[in-house]
Amino acid sequence: MSVQPEMQRRMAIAMRVHPELRAAFESLPPFSDPYKDIEGTRRGFHEMLAAFPADRTGVDSERFEIPRADGSALTVEVYRPEGGAGTGSGGDAVPGQGAASGQDIAQDGQAAAPDGGGRALPAVLHFHGGGYALGRSLPGQDRAAIGLCRELPAVVITVEYRLAPEHRYPAGVEDCYLALEWAAGRAGELGIDPARIALTGKSAGAGLSAAVALMARDRGGPAIVHQSLCVPDLDDRVGADEAAEAEGAEGAVTARGTTGRSVQRAWKHYLPEGTGVADAYAAAARATDLSGLPPAYVLVCDLDPMRDAGLAYARRLMDAGVPVTVRNVPGAWHGFELYAPETRVAKEMTAHWTGQLRAALYPVMG
């Protein structure tokens, strides 16, 4: 690929950016390969998080260690609204810091004011993004979990799944499925309603959500009421043509934001070396049968190289008889809300996917 066509392509993308987001787009840092020093990349990410601690008002959390079959442990953190349902030690998991519980739920499934009755809350398993290689929050600081915990309300379980490239597929997704089994098996102790468990995540976290939904169906695992897939990274073929065309031209043009080449770089480090065709639990878009999966919400961004794969997956879910809600954010790129969180576009996007998740967990009974 010559420099001139590549520059023209990126200029065309820049012209499609939503007017409210143009200043943020122009301020995007040049792309740098996170895998050149993955530990340094993670360290820098955590230093940034530490400089801006999350507001935990109204939310408590507790960390647990879930034993794996090999004797190691998976860490999860359970976030609950203060002063409501469910406390406890989670069975064979080892509790960490103190916990509180969530808001009461009336018998019709609607939220009720806490009255000490100990009724269960719905649960959301939240899988973080970060290209399957980074993105893990600091303890007690997962902003997405804290927001969902307050706003839904729900018990939100974050999963510190093993990261690539040190732990390639299937380590991460098996951790996520283990966390689902653990949460469902200890629903009473955690104060959650096992009939209202949802999966959510952004980017790689959405790809893991889609894969865990497939695993639960195929393995006869816990029931999932909803899968919320935000800008999902679920197809290892995304960006393959762009990466092939750019072979030998790396660095000719400074990229900003997520490109097809950066998507391919993440898959290269996530999949086992030598993988030809990914299987469906690695890349859900590879699944041949999508029937029998839980209702889904699929959010895509207009300028995201993963947009078309996300829309194609949503269409295939529909064709398989799965109820699906689709939302496209015009003029936005992958992860734009991190750079423009106070814009109307970002706030509307967050309100929409949160509202869809709330509706799935608190259905209106006829």
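## Exercises on a predicted model: parallel strands and a buried serine

In this predicted model, L199 of one strand has Q227 of β7 as its bridge partner.

**Exercise 1.** Which strands does β7 (residues 226-230) pair with, and in what direction do they run?

Solution.
- Step 1. Strand β6 (residues 192-202) is joined to β7 by 5 bridges, and the two run parallel. The pair L199 and Q227 belongs to this contact between strands.
- Step 2. The chain gets from β6 to β7 by way of helix α7 (residues 204-219), and the β-α-β unit they make is right-handed.
- Step 3. Q227 also has a bridge partner in β8, namely A296. C230 is paired with L299 of β8.
- Step 4. In total, 4 bridges connect β7 with β8, again in parallel.

**Exercise 2.** Is β7 enclosed or open, and which way do its residues point?

Solution.
- Step 1. Side chains in a regular strand alternate between the two faces of the sheet.
- Step 2. In β7, H226, S228 and C230 point one way, while Q227 and L229 point the other way.
- Step 3. Residues pointing either way are buried. With 5 of the 5 residues of β7 buried, the strand is therefore largely enclosed by the rest of the structure.

**Exercise 3.** Where does the chain go after β8, and how is β8 covered?

Solution.
- Step 1. Strand β8 (residues 296-301) has 6 of its 6 residues buried.
- Step 2. One side carries A296, V298 and V300, and the other carries Y297, L299 and C301; both faces are covered.
- Step 3. Strand β9 (residues 324-329) runs parallel to β8 and is joined to it by 6 bridges. Within this pairing, V298 is opposite V326 of β9.
- Step 4. From β8 the chain passes through helix α10 (residues 307-319) to β9, making a right-handed β-α-β crossover.

**Exercise 4.** Is S61 buried or exposed, and which side chains does its own side chain contact?

Solution.
- Step 1. S61 lies in strand β1 (residues 59-67).
- Step 2. The cut-off for a buried residue is under 20% relative accessible area. S61 has a relative accessible area of 1%, so S61 counts as buried.
- Step 3. The S61 side chain makes a polar contact of 3.1 Å with the side chain of R56.
- Step 4. Another polar contact, of 2.7 Å, links the side chains of S61 and E77.
- Step 5. Put together, S61 is a buried residue with polar side-chain contacts to R56 and to E77.

Key:
Residues are numbered from 1 along each chain as its sequence is written. This is a predicted model: local features need pLDDT of at least 70, side-chain atom pairs count only at pLDDT 80 or more; totals for chains, interfaces and linings use all residues. Side-chain values use heavy atoms; hydrogens and water are left out. Buried means under 20% relative accessible area, exposed over 50%, partly exposed in between (1.4 Å probe, protein chains only). A polar contact is a pair of N or O atoms within 3.5 Å; within protein, one must be able to donate a hydrogen and the other to accept it, and residues adjacent in sequence count only if both atoms are side-chain atoms. Two strands pair if DSSP finds at least two bridges between them. A crossover is right-handed if, with the strands pointing away from the viewer, the path from the first strand over the helix to the second runs clockwise.
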